[in-house]
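Me: Please set out how the chains of this model are built and how they meet. Begin with the rules behind the terms.

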Amino acid sequence: MKSEKKQAEMIREISGVNPYKCMKCGKCSASCPSFNEMDIKPHQFVSYVLHEDIESLVKSESLWKCLSCFACVERCPRDVKPGKLIDAARQLVVRQRGETYLSPDEVPELLDPELPQQLLVSAFRRYRR
Amino acid sequence: MQRIGVFVCHCGSNIAATVDVKKVVEMARLEPGVVHAEDYQYMCSEVGQAKIAAAIHEKHLTGVVVCSCSPRMHEATFRKAAEKAGLNPYMVEIANIREHCSWIHKNIEEATEKAVILARAAIAKVNLNAPLKAGESRVTKRALVIGGGIAGIQTALDIADAGYEVDIVEKTPSIGGRMSQLDKTFPTLDCSACILTPKMVEASAHEKINIYTYSEVEKVTGFVGDFTVDIRKKARSVDMTKCTGCGVCQEKCPSKKAPSEFNRGLNNRSAIYTPFAQAIPNVPVIDREHCIKFKTGKCGLCEKVCQAGAIDYTQKDEIITEKYGAIVVATGFDTIKLDKYDEYAYSQSKDVITSLELERIMNAAGPTKGHLERLSDGKPPKNMVFIQCVGSRCSDNRGKSYCSKICCMYTAKHAMLIRDKYPDVNVTVFYIDVRTPGKNFDEFYRRAVEDYGVNYIKGQVGKVAPQPNGQLLVQGVDLIDNKQILMEADMVVLATAIEPDPSVRKIATMLTASIDTNNFLTEAHAKLRPVESPTAGVFLSGVCQGPKDIPETVAQAGAAAVKAIGLLAKDKLMTNPCTAKSDELLCNGCSQCANVCPYGAISYETKLINDHGIREERRVAVVNNALCQGCGACTVTCPSGAMDLQGFSNRQILAEVDAICR
Amino acid sequence: MSITANEEFRPKIVAFCCNWCSYAGADLAGSSRLTYPADVKIIRVPCSCRVNPMFILRAFEKGADGVIMCGCHPGDCHYSTGNYYARRRMALLFSMLDYIGVEHGRTRVEWVSAAEGVKFSQTMNEFVAKITSLGKNVRLEDLRCRK
């Protein structure tokens, strides 16, 4: 496991987001359709990255509850885009899981309606690399 | 060859403690052109100045070098002393051996050596100095105020009270501006019209003030003290001298489908109209786009009903050319367009309104006669939601990066007024921060919370969704409780960001006044010259310079007036003689210099040039000394080396470089 | 006039300072008694845009070891746009200096406001240290000027 500082840097790098720009208005949380399902709320994501508490972030429910609808990305007045941070954290987890990726041929047979959207997105991202 | 005197100051021990002044004097004597050198305890004292004067007389000096403190300190002192003694003040140069030498170096030998070099550089420069004469330009004792809102009115009144003629140019049919659209004003809740109307009347009745309404500035030429301005008086189609303001034409006008600008498009007005009842002048305007007579040629009802015979369909735009000494920009603001904020459903629901629209709804002369009601069905609201910072403090490309400054206070005002008049209406305010710096401002906001029970929620609204039943579903967040909120509201009020009135761009270009990325006019110095534009003779009043509330606007308007009065009080202006000068023999008329000049001081003339016996007509650059501020941008741009800066010429600076590197 | 090995190298440094910001910053450094080496000699110009690249070349030609130009911060120019022109001109000049034979570090542009006395003295200290480490500038000097 890399140091949390390093991980926070990676999240910033993957997402291309500068969390320092956040003015804590909460519009992300106000926009989020999965707000009630989340343990760490979208606006809190920013401060977790700022405080480099990545451990809690990757263990959180929220990571997998985010629908990637990107309403927060669209509406954020400060270009902080918590959705992208969440996405980056997700990627971090997926990358850390090492070589357990799917091969592209395996994907179609695994598709089922219950599968969370974001897993698919991540899987395809991985494949593209 | 110059006859130069060098005067080395001890500045008590400030200089003498680290610089061997005797050595500096001795070394200066060896420099070419130096015929006199001495040192003295305090050169800036009367005695010191007398020494300079005496040497100028006795030794017939043509140039003076004072080795002393920074020229920013005493250059003016020594130049004045030299002028008194009959020497051209611009033949004096300062070698800064205090701030740049004695105060920063500890080693006497090093400091003395440096002082000698600095003196040498100044002597080398003076050797090439030429006497300069500050030019004079005339001041037209008349001011132009662009914009007839509270800022423009206040500035005009203050200038006129000092005894100078003022013209106000206002683009709408009446003066009054945004303030006339407001219902009440914070933090004392006075009725806006009650405090504004007397000022409007005073301005229109003032013998020194001349108001051009329904007019726009078309062209500005000239420079500080002597601007020439073309004003387009748009065709009013009503004779101002005949109209009695009875209002019958407006009543009878059959075309009543034009959206009322004054009521922010919430209701309609007739094609012939005065924007509001207290309009000044109380003379209507025919809106030719909506007038049936102008559209089809068949109507002319207003002409028939007008007893004064004031209606004149043949009127044409008129251009008036006037001269002014000073120009004050007071173009004010507008609210931003909300088409990029579709999540608030402003375009989808009539019950989502801006705060300025709420002002009109609350106003007795507004579209609802002052009754708080939903514009969709006319029902009184039970739940109202205010959303702060709509378009303000945004660093994305949708809104404005700045804080609009007035929204926190007017929202508190609205909330308070609604709770006061309609106690059963629930008022919720979603805020990011409540910013209330100002006298009695925070107390005002706290009253809204503590005495009037306004529900302030720290958080934002993500979405407003109009429901089939006419309600607005508001999805927001309470960051303190860390809970998402879903609530139904009857009306949603958006604290919409303000931006400089779009007309300011054109005006800034005409005035060569600089403008920032947000279209606010830039001040000459952020702290020390806040009401002056960097362009001489142009002053800033009100929101055109940055977001402001009414008290600040009035204060700034007064300050701008004082600056304008200070200018108009002068009969003549001394111009900075260190201006650019073009060598007509070298100039090839390429226009490069005019392109970089920030003041538009360079123009081109075709002149008959005698180039060593060859006489021919050439296009050459001519610098207007009254406009040139002497930055020198043109001198470096000039490809043929024709442009030079007097007082800082190429040869002078090169001589300094040579002297330092020797 | 020759440099002997045991003689301590003292660079000749010319600083161009604009009248409104950097010169005032230098004054503030002085009145705050913030020291920097005496090798720096300041020439006052109305604006950084008055600095002709020719002045800088002339300084090197006449034996200067380093040239630094200071102006108002971008956006703060007294003449609104002067320092932007200066910035472009210097970028262009500096890109060619290497070709002429002046090492990259011998020139520098720094924005110093009237309130930045500390920055002024820091900058000068750094610059002198840099020039000292680069040693004497010999390549552009016109030997005919020496006599």
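Reply: Two strands pair if DSSP finds at least two bridges between them. Helices (H or I, at least four residues) and strands (E, at least two) are DSSP runs numbered from the N terminus. The model is predicted, so that local features need pLDDT of at least 70 and side-chain atom pairs count only at pLDDT 80 or more, while totals for chains, interfaces and linings use all residues. Residues are numbered from 1 along each chain as its sequence is written, and chains are lettered from A and ligands numbered from 1 in the order in which they are written.

Me: How many bridges join strand 1 of chain C to strand 2 of chain C?

Reply: Strand 1 (residues 13-18) and strand 2 of chain C run parallel. C:Val14 stands opposite C:Lys41 of strand 2. The bridges that join the two strands number six.

Me: Which are the edge strands of the sheet in chain C?

Reply: The sheet is open, with four strands in the order 2-1-3-4 and parallel pairing. A strand at the edge pairs on one side only, and this holds for strand 2 (40-45) and strand 4 (107-111) of chain C.

Me: At what angle to strand 1 of chain C does helix 1 of chain C run?

Reply: Axes are lines fitted to C-alpha atoms, for helices over the stretch in contact, and angles run from 0 to 180 degrees between N-to-C directions. Two residues are in contact if their C-beta atoms, placed from the backbone, lie within 7 Å. Helix 1 (residues 22-31) lies across strand 1, strand 2 and strand 3 (66-71) of chain C, and its angle to strand 1 is about 115°.

Me: Of the two pairs of chains in contact, which share the most contacts?

Reply: Chain A and chain C do not touch, with 22 Å between their nearest C-alpha atoms. Chain B contributes 19 residues and chain A 18 residues to one contact; in the other, 39 residues come from chain B and 35 from chain C. The pair that shares the most contacts is chains B and C.

Me: Which element of chain B gives the largest share of the side that touches chain C?

Reply: Helix 3 (71-84), helix 4 (98-102), helix 5 (108-128), helix 17 (633-637) and helix 18 (650-661) of chain B give two or more residues each to the side that touches chain C. The largest share is eight residues, and it comes from helix 18.

Me: Are helix 18 of chain B and helix 2 of chain C roughly parallel or roughly antiparallel?

Reply: Angles under 35 degrees count as roughly parallel, over 145 as roughly antiparallel, 65 to 115 as roughly perpendicular and the rest as oblique. The axes of helix 18 of chain B and helix 2 (residues 53-61) of chain C come within 9 Å and cross at roughly 25°. Helix 18 of chain B and helix 2 of chain C are therefore roughly parallel.

Me: Which residues of helix 2 of chain C make the contact with helix 18 of chain B?

Reply: Helix 18 of chain B also lies across strand 1 and strand 2 of chain C, running at about 175° to strand 2. It passes helix 2 of chain C in a right-handed crossing (left-handed if the near helix is turned anticlockwise from the far one by less than a right angle, right-handed if clockwise). On the side of chain B, the contact is made by B:Ile653, B:Leu654, B:Val657 and B:Cys661, and on the side of helix 2 by C:Phe55, C:Arg58 and C:Ala59.

Me: Which strands of chain B each supply at least two residues of the side that touches chain A?

Reply: An open sheet of chain B has three strands in the order 24-25-26, with antiparallel pairing. Strand 24 and strand 25 pair over five bridges, and B:Val464 stands opposite B:Val474 of strand 25. The strands that each supply at least two residues of the side touching chain A are strand 24 (461-466) and strand 25 (472-478).

Me: Are helix 6 of chain B and helix 15 of chain B oblique or parallel to each other?

Reply: Helix 6 (residues 150-161) and helix 15 (residues 550-568) of chain B have axes 8 Å apart and pack at an angle of about 40°. Their crossing is right-handed. Residues that meet include B:Ile150 and B:Ala151 of helix 6 and B:Ala561 and B:Ile565 of helix 15. Helix 6 and helix 15 of chain B are therefore oblique.

Me: How far apart are the centres of domain 2 and domain 5 of chain B?

Reply: Domain bounds come from an automatic or database domain assignment. Among the domains of chain B are domain 2 (142-234 + 317-332 + 501-568) and domain 5 (580-646). Four residues of domain 2 are in contact with five residues of domain 5. Taken over C-alpha atoms, the separation of the two centres is 35 Å.
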